[in-house]
Amino acid sequence: MQKGIIIKGIGGLYDVKTEDNCIITGCRLRGRLKLKHDTVLVGDHCLLSVSTDGTFHVEEILPRRTSLVRPPIANIEQVVVVVAVQDPEPNQMLIDGILAMAEAEGLTGLICISKSELDPQKAEEIESLYSTVPYPVIKTSAKKDEGIEELKASLYAKISAFAGPSGVGKSSLLNKLRPELNLEVGEISKKLGRGKHTTRSVQLIPLESGGLVADTPGFSRLTLETHAKEEIQNFFPELVRLSSYCRFRGCNHVSEPGCAVKEALKEKEIALDRYQSYLVFFESAKG
Ligand SMILES: Nc1nc2c(ncn2[C@@H]2O[C@H](COP(=O)(O)OP(=O)(O)OP(=O)(O)O)[C@@H](O)[C@H]2O)c(=O)[nH]1
Ligand SMILES: [Mg+2]
Ligand SMILES: [Zn+2]
């Protein structure tokens, strides 16, 4: 049997990239694998068999190292949060939620500002908001072909997934990385000011560098409700860094006295917007 990675799955048929870099399209699942809802995710490693009539079957899904619910994908190493300077407007809670979710899975995070030619000053503002957090920020414009080489370099030899709301330009950026792909690109609804959910399924795209990057459907809501309240701060690196300076061990940085986070906020050493996102996720998390 051959080993491979599932790179796409639509209507019960899967595309698999084998270890020798062939892409086998239209593989079927063995019946017993169909029983559970999320038995198969794009990014899963699998074993493939071929019948005498040439049909390929996914025989087994190998254990996952990581998995995300949104976007639904397994075994990635890096999440690239795509944030447009406008059309649609940046959604701070969503950005911080995606980054927190990546932290929770032990993945690295990267912020890719898109459409920066529309408002270079706004691009600078977003960049400076994340200056107190250890996430690299790349400013790009698919339209003006800016920042594409830098983006390529950050995807080098890694397995990454783009994530963000519909219409921020995820597919447009991927088309810049691999122009021959010709991924479908949607319009922005003038009335609603957001994308039209053009990309409908997750797909991993092999890059020349040997890396893989996933195009994913946009989404606009995300919760961290499955985590306990006390856990949430662990997903905000700037809070993790400060928490050992708080007076009380186990400080939640909400209203405790002697809180180093509150102090850092006063001194503007950490971003208020990020702290506010933390509070919302803290409040909505399990008791
Ligand atoms: N001005 C400008 N528009 C862009 C840029 N990149 C993409 N767009 C436009 O933004 C719209 C949405 O782009 P898509 O690439 O389909 O966005 P997406 O994030 O893949 O959206 P979903 O697939 O729905 O999640 C299209 O009309 C693009 O032409 C850019 O750099 N500048
Ligand atoms: Mg898309
Ligand atoms: Zn504190």
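In this predicted model, the second largest pocket is lined by 14 residues. Those nearest the centre of this pocket are V69, M101, T223, T226 and H227. Two elements, β6 (67–68) and α1 (92–104), each give two or more residues to the lining of the second largest pocket. By class, this lining consists of six nonpolar, four polar and four charged residues. The space in the second largest pocket amounts to about 320 Å³.

The largest pocket holds about 420 Å³ of space. Its lining comprises 27 residues, and K115, G167, V168, G169 and S172 are the closest to the pocket centre. Helix α4 (residues 170–177) supplies the largest share of the lining of the largest pocket, namely three residues. Polar residues number 13 in this lining, alongside eight charged and six nonpolar residues.

The magnesium ion (ligand 2) has two protein donors, the OG atom of S171 and the OG1 atom of T199. These donor atoms lie 2.0 to 2.1 Å from the ion. The two donor residues come from distant parts of the chain, being 28 residues apart. S171 belongs to helix α4, whereas T199 is in the loop between β13 (194–195) and β14 (203–206). Helix α4 is also the element with the largest share of the lining of the largest pocket. Both donor residues, S171 and T199, are buried. Water is not among the atoms, so the site may look incomplete.

The structure contains zero disulfides. For C22, the closest cysteine sulfur is that of C27, at 11 Å, which is too far for a bond. A disulfide would require the two sulfur atoms to be within 2.5 Å. C27 likewise takes part in no disulfide, and the cysteine sulfur nearest to that of C27 is the one in C46, 7.2 Å away. The accessibility of C22 and C27 was also examined. C22 has a relative accessibility of 42% and therefore counts as partly exposed. C27, at 0% relative accessibility, counts as buried, because the limit for a buried residue is under 20%.

Terms used. Residues are numbered from 1 along each chain as its sequence is written. Chains are lettered from A and ligands numbered from 1 in the order in which they are written. This is a predicted model: local features need pLDDT of at least 70, side-chain atom pairs count only at pLDDT 80 or more; totals for chains, interfaces and linings use all residues. Side-chain values use heavy atoms; hydrogens and water are left out. Buried means under 20% relative accessible area, exposed over 50%, partly exposed in between (1.4 Å probe, protein chains only). On a 1 Å grid over the protein atoms alone, a cavity is a set of points where a 1.4 Å probe fits but cannot get out, and a pocket is an open set with protein on both sides within 12 Å along at least five of seven lines; lining residues have an atom within 4 Å of a point. Grid points are joined across faces, edges and corners, and a volume is the space filled by probe spheres set on the points. Helices (H or I, at least four residues) and strands (E, at least two) are DSSP runs, numbered from the N terminus. Ala, Val, Leu, Ile, Met, Phe, Trp, Tyr, Cys and Pro count as nonpolar, Asp, Glu, Lys and Arg as charged, and the others, Gly among them, as polar. Donors are N, O and S atoms within 2.8 Å of the metal (3.2 Å for Na, K and Ca); water is not among the atoms, so sites may look incomplete.
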